[in-house]
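Work through these exercises with the sequence and the 3D view side by side. Try each task before you read its solution.

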Amino acid sequence: MKVLFSNPPWWTESGYGRDARGNQVAVFGAGVRAGSRWPFTQHIASPPDQFAFGSYLPYPFFMGYATTYAARETGADVVFRDSIALRESYAVYEAFLRAGQFDYVVLESASPSWDHDSTLIKRIHKMLPSCRIIVTGPITSQSDRILRELPVHACVRGEYEKGVVRVLRGEQGTIDFDLLTLQEMNAAPFPYFDQVYAHRYWDANPRGMVPPQAQVWSSRGCPYKCIFCVWPATMTGNDPDGTQKRSVRHYRPDYMEAFLTELVAKYRYRTIYFDDDTFNLGDKHVERMCAVMRKINVPWSAMCRADTIRMDLWREMKESGCFGVKIGFESGNQEVVDTIVNKRLDLEYARQAVAEVKRVGMTVHGTFTYGLPGETPAQMFDTKRYIASLGLDTLQESGCAEIEGTPLHTLSQQRTLEKYSGAKLDGDYVRELDGRVKYDRMAASLQAPS
């Protein structure tokens, strides 16, 4: 039995842009799918089949773990292929599929890439009619429709190690949220890496990143219920309206030490980025991971919240090698944070946390989103003013993307949600699947008024 875990190519339009010196240069539209909480498209300088390092490129975490898990549990001939990281063309990808003659192809998808991916599924089926296609990812919240309309053998909802194995052992149709237990997670094989892909993944933020960079998890899940957040609602939990329980599972320190020791020894990483949903959920986990990182002795950074650890632990992170953190603020207006996003974050406390992080010598990358349902232009300008007051080293501003399976998508169907009292589908709200596209359309209106 031959099984392919595939993150297929995703190319969009090509055109011309300007480089840092203002010169006209060719640019190529390329999507980011598996590994990104909010898949989106971007413009890069390299055409298909010509990889160039430097664009944002996330490691496909769920797929990497599922690849090694399926190989261990089934003994099948399991292949991992990240076409996004290869920057390969459709022609090269399709030639690889024909040569491989796989019995199963596993794809991960979400709303922003689904029009593209559903067309690709039809092409794969036409090329390899006996191949059974397994769809995973947030899009499987629509599994009934997918199975009805496309030549798909199974849809696996949620993180998909165990679900894919069940399909390989004979099940089909919808496989519903069969997540790893804490014990299974800490006994699972390490995710897939090899010499081809190990040095391609890259996230330039927070400031201080140096390639080659390892992107890893120390936990799965997040208990908070931000209206737009994808993975806690669709992958590590099943909470499309914000009313269900969301859990967090931490990897044990010994698992992380063994994993990181192996990674660094094999691939000589110079920085490590913990791309957990929220790395610093609780003092004990942070203390344990700081102890691990002292042993690994590689500079590191992490995705964090501003308010989930004691203030003194920022210094402990710094002293164990952490050079920077990403912090999600989402908005600079407290009403938006409380009643639309439902983030449960005190923005004044967050300001104090930023000051402390910078005081101990780490950099801070802030993330913000615009165009939330019910958000007014005045509230968006509050965000601009809040950003200006923080003294961030770097920041990301994006449009609020609506992705299947999230409370934001449920709001679009039900019109109101109990846990998001300020969220309204008024005339100013624009539905968009791609946050980069939405922000580009909004950029002119977000310029500070004269």
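Four exercises on sheets, cores and cysteines follow.

The model is predicted: local features need pLDDT of at least 70, side-chain atom pairs count only at pLDDT 80 or more, and totals for chains, interfaces and linings use all residues. Residues are numbered from 1 along each chain as its sequence is written, and side-chain values use heavy atoms, with hydrogens and water left out.

**Exercise 1.** Find the order of the strands in the open sheet that contains β10 and β17.

Solution. Start with the terms. Strands are DSSP runs of E, at least two residues, and helices are runs of H or I, at least four, numbered from the N terminus. Two strands pair if DSSP finds at least two bridges between them. Now read off the order: β10-β13-β14-β15-β16-β17, 6 strands with parallel pairing. Next, mark the edges. β10 (213-216) and β17 (394-399) each pair on one side only. Then zoom in on one pair. Strand β13 (residues 271-274) is joined to β14 (residues 300-304) by 3 bridges. There, Phe274 stands opposite Ala302.

**Exercise 2.** Locate the edge strands of the open sheet with the order β5-β1-β6-β7-β8-β9.

Solution. The edges are β5 (77-82) and β9 (173-176). Pairing in this sheet is parallel. Go to β1 (residues 2-7): 6 bridges join this strand to β5. One partnership links Val3 to Val78 in β5.

**Exercise 3.** Name the residues that touch the most other members of the largest nonpolar core.

Solution. First, the rule. A nonpolar core is a set of buried Ala, Val, Leu, Ile, Met, Phe, Trp, Tyr and Cys residues joined through side-chain atoms within 4.5 Å. Buried means under 20% relative accessible area, exposed over 50%, partly exposed in between (1.4 Å probe, protein chains only). The core has 95 residues, and Ile272, Phe274 and Met317 touch the most other members. A second, separate core holds 19 residues, including Leu107 and Val152.

**Exercise 4.** Count the disulfides, then explain why Cys290 has no bond to Cys322.

Solution. A disulfide is a pair of cysteine sulfur atoms within 2.5 Å. The count is 0. Check Cys226 first: its nearest cysteine sulfur, that of Cys229, is 6.0 Å away. Cys226 is buried, at 8% relative accessible area. Now take Cys290. The closest cysteine sulfur, in Cys322, is 7.6 Å from its own, so the gap is too far for a bond. Cys290 is also buried, with a relative accessible area of 0%.
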